[in-house]
Amino acid sequence: MNKKLLKLTAGLLFLCTIAVVIVSCRSEAKNEEEVVSQELIRTSQSWDGVELPDYLQGRPELVAVKYVFPAGKKLGWHHHPVMNYGILVQGELTIIGLDGTEKTVHEGEAVVEMVNTIHHGENRGSKPVILYMFYLSQKELPLAVQHPEIPL
């Protein structure tokens, strides 16, 4: 009788262990399927600390652009007439202001670009930079104005 009770107890303990593992796995799977949000940035200033301008008047045009910068690539000098911000998803991008101020943006970081201030970007790393930018613009406005007269 004691052997039967011992086997029954061992069997129940085994089933309970399996049940705990199954419930635990389902809980982990459920957590992986849940939406997780993480605020990356909230600011009213560009990366150089300058206050952003007021919103434009009129109907907005929202623009999203994916940029891929090869390793070693330097963009020409330019400025943005509209507010924009982005998320760098791969690599490192260094942004340089005309006054020499620099900001290096790393993977996973958000950046708020300068508005109406001349600057350029450089990929000083060994892998391509992938950057998603979001512009708060209006129809017919350029996202960037190039300044080829300024040498790099």
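How do the residues of the lining of the second largest pocket divide into nonpolar, polar and charged? They divide into ten nonpolar, six polar and one charged. The structure here is a predicted model, and this briefing walks through its overall layout, its two largest pockets and a nonpolar patch on its surface. Strand 8 is a good one to keep in view, as it supplies at least two residues of the lining of the largest pocket and at least two of the nonpolar patch.

**Overall layout**
- The chain holds one helix and nine strands.
- Reading along the sequence, you meet the pattern α-β-β-β-β-β-β-β-β-β.
- Of the 152 residues in the chain, 25% are buried.

**The largest pocket**
- This pocket has a volume of about 320 Å³.
- Its lining counts 17 residues, and L52, Y55, M83, Y85 and L136 are the closest to the centre.
- Strand 1 (61-69), strand 3 and strand 8 each give at least two residues to this lining.
- Sorted by class, the lining of the largest pocket comprises 13 nonpolar, three polar and one charged residues.

**The second largest pocket**
- The volume here is about 250 Å³.
- A set of 17 residues lines the second largest pocket, with F69, L75, H78, H80 and E113 nearest its centre.
- Two or more lining residues come from each of strand 1, strand 4 (92-97), strand 7 (119-122) and strand 8.
- Strand 8 provides the largest share of this lining, with three residues.

**The nonpolar surface patch**
- Y85, V89, Y132 and F134 together make a nonpolar surface patch of about 330 Å².
- Strand 3 (83-90) and strand 8 (129-137) each contribute at least two residues to the patch.
- V89 sits in strand 3.
- With a relative accessible area of 40%, V89 is partly exposed, so this residue clears the cut-off of over 30% that patch residues need.

**Where the topics meet**
- Y85 is worth a look from both sides: this tyrosine is one of the residues closest to the centre of the largest pocket, and Y85 also belongs to the nonpolar patch.
- Strand 3 likewise supplies at least two residues of the lining of the largest pocket and at least two of the patch.
- Strand 1 gives at least two residues to the lining of the largest pocket, and two or more to that of the second largest pocket.

Key:
Residues numbered from 1 in each chain as written. Predicted model: local features only at pLDDT ≥ 70, side-chain atom pairs only at ≥ 80, totals over all residues. Heavy atoms only, no water. Patch = residues over 30% accessible without salt bridge, like charges linked within 9 Å, V, L, I, M, F, W, Y side chains within 5 Å. Areas by Shrake-Rupley, 256 points an atom, 1.4 Å probe, with all protein chains shown as cover. Salt bridge = Lys/Arg side-chain N within 4 Å of Asp/Glu carboxyl O. Helix = DSSP H or I, 4+ residues; strand = E, 2+ residues; numbered from the N terminus. Buried < 20%, exposed > 50% of the residue type's maximum accessible area, 1.4 Å probe, protein only. 1 Å grid on protein atoms, 1.4 Å probe; cavity = no way out; pocket = protein on both sides within 12 Å on 5 of 7 lines; lining within 4 Å. Points joined across faces, edges and corners; volume = space filled by probe spheres on them. Nonpolar A, V, L, I, M, F, W, Y, C, P; charged D, E, K, R; others polar.
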